[in-house]
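Below is a short report on one protein model. It goes from strand pairing to the nonpolar cores, then to one helix and a few backbone details.

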Amino acid sequence: MALWESIDRYLSDCAPSDWERQEVRRYRERILEAIRTKFVVPNFFQTGSFQHGTAVSPYSDVDYMARLPVEEKPQSSTTILDTIRDILKAELWEANDVRVDRPAVTLKFNNAIYYEVTPAFLLRSGSEGDGINDVFSIPAPNGEWREAAPRAHNNFVADMDRKHYGSVK
């Protein structure tokens, strides 16, 4: 077996299993339902390694952004993180290790996969209207806020991966 074939096999073995992907889908719904007990959630989407196919099992976590109505944005990002943490603790009896870990609230279920939920408030819509270039306000250190454009970042990584024949991801 050639070196590249060995590396490809190793990477394939490190990819999340079908069972792990099923669990991610199931818990996505549970997390979203919990947040919806207090907030309207116009959009709840995955970002990070699971989303762009670079997750390494069992090390990668699952990242979500929960877009919340801008009218609900508090002065301090600490307030929204504490609120989301408290909701997830109260609503998800099966979750453990629920805590704030800026810019997100992290939690784990018995499946050993960590989930990160980042509250996000839409600052600007992209010019195309497809959400790709939307800019969000997300928690930053010390109760502050910072800007993030996760879909634009994901598209950039995917474009670079295609340009370099799959060697980026």
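In this predicted model, arginine 67 of S2 has a bridge partner in S5, alanine 120. That pair belongs to a parallel pairing: S2 and S5 are joined over 7 bridges. S2 also pairs with strand S1, residues 43-47. Here the two strands run antiparallel, with 5 bridges between them. One bridge links phenylalanine 45 to methionine 65 in S2.

**Overall layout**

The protein has 5 helices and 7 strands. Read from the N terminus, the elements come in the order α-α-β-α-β-α-β-β-β-β-β-α. The chain counts 169 residues in the protein, and 42% are buried. Take the contacts between residues at least 6 apart in sequence: 51% of them join residues at least 24 apart.

**Strand S2 and its surroundings**

How many of the 7 residues of S2 are buried? The count is 6, so the strand is mostly covered. Valine 62 lies in this strand. Its relative accessibility is 0%, and valine 62 therefore counts as buried. Valine 62 and threonine 47 are 15 residues apart along the chain. Their C-alpha atoms are separated by 7.7 Å.

Threonine 118 sits in strand S5, residues 114-124. With 10% relative accessibility, threonine 118 is also classed as buried, because the cut-off is under 20%. Leaving out residues up to four places away in sequence, threonine 118 touches Tyr64, Met65 and Ala66. Pro103, Ala104, Ile138 and Pro139 are touched by threonine 118 as well.

In a regular strand, side chains alternate between the two faces of the sheet.

**Two nonpolar cores**

The largest nonpolar core holds 28 residues. Which members touch the most other members? They are Ile31, Ile35, Phe44, Leu88, Leu107 and Tyr115. Several elements each supply at least two residues of this core: helix H2 (18-35), strand S2 (62-68), H4, strand S4 (104-108) and S5. H2 gives the largest share, 6 residues.

Phenylalanine 44 shows how such a member is surrounded. Neighbours within four places in sequence are set aside here. Phenylalanine 44 is then in contact with Arg28, Ile31, Leu32 and Ile35. Its other contacts are Tyr64, Met65, Ala66 and Val117.

Another core, of 7 residues, lies apart from the largest one. Among its members are Phe45, Met65, Leu122 and Ile138. Phe45 and Met65 are also the bridge partners named above.

**Helix H4**

Helix H4 covers residues 77-91, 15 residues in total. From first C-alpha to last, H4 reaches 21 Å, close to the 21 Å expected at 1.5 Å a residue. The buried residues of H4 are Ser77, Ile80, Leu81, Ile84, Ile87 and Leu88. Why do they fall on the same side of H4? They cover an arc of only 130° around the axis, which puts them there. An α-helix has 3.6 residues a turn, so residues three or four places apart point the same way.

There is a polar detail at the start of H4. A side-chain oxygen of serine 76 comes to within 3.2 Å of the backbone nitrogen of threonine 78.

**Backbone details**

Most residues other than glycine have a negative phi, and most peptide bonds are trans. Two residues here have a positive phi without being glycine; the table gives their values.

| Residue | Phi | Relative accessibility |
|---|---|---|
| Aspartate 97 | near 55° | 34% |
| Asparagine 142 | about 60° | 73% |

Aspartate 97 is in strand S3. Is aspartate 97 buried, partly exposed or exposed? At 34%, aspartate 97 counts as partly exposed. Asparagine 142 belongs to the loop between strand S6 (135-139) and strand S7 (145-148). At 73%, asparagine 142 counts as exposed.

One peptide bond stands out for its geometry: the bond from arginine 102 to proline 103 is cis, with omega near 10°. Where is proline 103 found? Proline 103 lies in the loop between strand S3 (96-101) and S4. Proline 103 is also one of the residues that threonine 118 touches.

Terms used:
Residues are numbered from 1 along each chain as its sequence is written. This is a predicted model: local features need pLDDT of at least 70, side-chain atom pairs count only at pLDDT 80 or more; totals for chains, interfaces and linings use all residues. Side-chain values use heavy atoms; hydrogens and water are left out. Helices (H or I, at least four residues) and strands (E, at least two) are DSSP runs, numbered from the N terminus. The expected span of a helix is 1.5 Å times one less than its number of residues. Buried means under 20% relative accessible area, exposed over 50%, partly exposed in between (1.4 Å probe, protein chains only). The arc is that of the directions from the helix axis to the C-beta atoms. A polar contact is a pair of N or O atoms within 3.5 Å; within protein, one must be able to donate a hydrogen and the other to accept it, and residues adjacent in sequence count only if both atoms are side-chain atoms. Contact means heavy atoms within 4.5 Å. A nonpolar core is a set of buried Ala, Val, Leu, Ile, Met, Phe, Trp, Tyr and Cys residues joined through side-chain atoms within 4.5 Å. Two strands pair if DSSP finds at least two bridges between them.
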